[in-house]
Amino acid sequence: MSGIMEYKCPACGGAMEFNSKLQKMKCPYCDTEMDVEEFQKIQDEETGSAGGADEEWKAASDGQWQEGETDGMRIYACESCGGEIVADESTAATNCPFCGNKIVMKGQFENDLRPDYIIPFKLDKKDAKNAYLKHLSGKSFLPKVFRDQNHIDEMKGVYVPFWLFDADVDADIEYNAEKTRIWESGDTEYTEHSYYKAERGGKVSFQRIQTDASKKMDDTLMESIEPYKFEEAVRFEPAYLAGYMADRYDVDMEERMQRAKERIKHSAERAFKDTVTGYHSVNVERSQVAMSGVKYLYALYPVWLLNTTWNGKKFTFAMNGQTGRMVGDLPMDKGAFWKFVATRGIAIGAILYALMWIFVTI
């Protein structure tokens, strides 16, 4: 195996990257453009490796890397949070996308599962910056660090690993429902509460319920930037990673299946609840949800990440690299807030004093 992974341009020999706008490989030196499949075919011919067959979805994600596909891929480890990412040996990345601290090369990439699918980045770093600035707009008391242009240059495009689950569900659910009637008679108001039991049952299927396979990524954060459009996913090829980082999965399928089961159960309860109509409130009383035919896939989804620390607290912002949905909590600079209050108080006091002086001298 060679010592470095190079996505060489067939025209000039420069390093090609995946261009999210064109959805093609592009050379920044001679502007040569090429479809990923065509480019990967050329790479396979040069390395003597063959791409995987286009198979039907499997009951287990057991894909294997082909010979030569991981040449030059390296594992980079964060000295602070312990996070690991996959990137090529010549990557210019020096900061961890999860906590912002220094990363160092750890060793050769090997032994992980090969992803079944990938959703390529559709939005670039400029789009991520604009979405972040829009997220900040109208926030009067933000600390200066969140508006610093140098700060937002630290945004990084990361492919986050996900386990995707399919399941058939047989549900038997009982709901408590309530109707409320209010009327007046004379000076008295009356309220009548009527309670009902509603039972629902049936079969429903769920496809590609996603759970992130990374301990570093907060589940709530990742679920907040949903949904992804899986119809735009493609069979994985290593060339899609060019110019980006890839988070190395560290949560196995069995562990994440429990989270998937929770999401499927809640989704089933919500779906059947939508059929209980004509009431003012409906709540689950009893729920039996049996799952069968569970299948899973391993996929990489695009995320733009920005981490910063203020007053000892970490703030993480994430943008869906396919749809542009941006989420992240924002702090309030209390010093700026109280300065504003004090300034406004002084101004109002000055106006009141002037008005009092006018009335006194009249």
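Student: Which residue caps the N-terminal end of H2?
Tutor: This is a predicted model. In it, a side-chain oxygen lies 3.2 Å from the backbone nitrogen of Lys 126. The residue that supplies this oxygen, and so caps the N-terminal end of H2 under the 3.5 Å limit for a polar contact, is Asp 124.

Student: How far apart are the end C-alpha atoms of H2, and what span should its twelve residues have?
Tutor: The expected span is 1.5 Å times one less than the number of residues. For the twelve residues of H2 this should give 16 Å. The model agrees with that value, because the end C-alpha atoms of H2 are apart by 17 Å.

Student: What arc around the axis do the buried residues of H2 cover?
Tutor: The buried residues in H2 include Ala 128, Ala 131, Tyr 132 and Leu 136. They sit on the same side of H2, because the arc they cover is only 140°.

Student: Which residues are exposed on the other side of H2?
Tutor: Exposed means over 50% relative accessible area. On the side of H2 away from the buried residues, that label goes to Lys 126 and Lys 134.

Student: Which strand gives the most residues to the largest nonpolar core?
Tutor: The largest nonpolar core has 46 residues, and Met 25, Tyr 132, Tyr 159, Trp 163 and Leu 241 have the most contacts inside it. Among the elements that each supply at least two residues are helices H1 (36-47), H2 (125-136) and H5 (253-273), and strands E8 (156-185) and E12 (281-310). The most comes, with five residues, from E12.

Student: How many residues are in the second, separate core?
Tutor: Nonpolar side chains tend to be buried together in soluble globular proteins. The second core here includes Phe 98, Tyr 117, Leu 305 and Val 327. Its number of residues is 29.

Student: In E3, what is the bridge partner of Met 25?
Tutor: Strand E2 (residues 24-26) and E3 pair in the antiparallel sense over two bridges. Leaving aside neighbours within four places in sequence, the contacts of Met 25 include Phe 18, Phe 39, Ala 242 and Met 34. The bridge partner of Met 25 in E3 is Met 34.

Student: Which strands stand at the edges of the open sheet, each with a single partner strand?
Tutor: The open sheet has three strands in the order E1-E2-E3, and the pairing is antiparallel. Each edge strand has a single partner, so one side of it is left without a neighbour in the sheet. The edge strands are E1 and E3 (33-34).

Student: Is Cys 9 buried or exposed?
Tutor: Cys 9 lies in the segment before strand E1 (17-19). Cys 9 and Pro 28 are 19 residues apart in sequence, and their C-alpha atoms are 9.4 Å apart in space. The relative accessibility of Cys 9 is 4%, so this residue counts as buried.

Student: How many bridges join E8 to E9?
Tutor: E8 and strand E9 (residues 188-212) run antiparallel. One of the pairs puts Thr 180 opposite its bridge partner in E9, His 193. The hairpin of these strands has two residues between them, and Gly 186 takes a positive phi near 65° there. The number of bridges that join E8 to E9 is 23.

Student: In what sense do E8 and E11 pair?
Tutor: E8 is joined to E12 by 22 bridges, and those two strands run antiparallel; Asp 170 has Ala 290 as its bridge partner in E12. With E11 (residues 245-247), E8 has two bridges, and Tyr 159 stands opposite Ala 246. The sense of the pairing between E8 and E11 is parallel.

Student: Which side chain does a polar contact of 2.8 Å join to that of Arg 263?
Tutor: Arg 263 is in helix H5. Not counting residues up to four places away in sequence, Arg 263 touches Ile 209, Gln 210, Glu 223 and Glu 226. The side chain joined to Arg 263 by the 2.8 Å polar contact is that of Glu 226.

Student: What relative accessibility does Glu 269 have?
Tutor: Glu 269 also lies in helix H5. Beyond four places in sequence, Glu 269 touches Ile 173, Tyr 175, Val 284 and Ser 287. Buried means under 20%, and Glu 269 counts as buried because its relative accessibility is 11%.

Key: Residues numbered from 1 in each chain as written. Predicted model: local features only at pLDDT ≥ 70, side-chain atom pairs only at ≥ 80, totals over all residues. Heavy atoms only, no water. Core = buried A, V, L, I, M, F, W, Y, C linked by side-chain atoms within 4.5 Å. Buried < 20%, exposed > 50% of the residue type's maximum accessible area, 1.4 Å probe, protein only. Helix = DSSP H or I, 4+ residues; strand = E, 2+ residues; numbered from the N terminus. Contact = heavy atoms within 4.5 Å. Arc of directions from axis to C-beta. Polar contact = N/O pair within 3.5 Å; in protein donor to acceptor, adjacent residues only side chain to side chain. Pairing = 2+ DSSP bridges.
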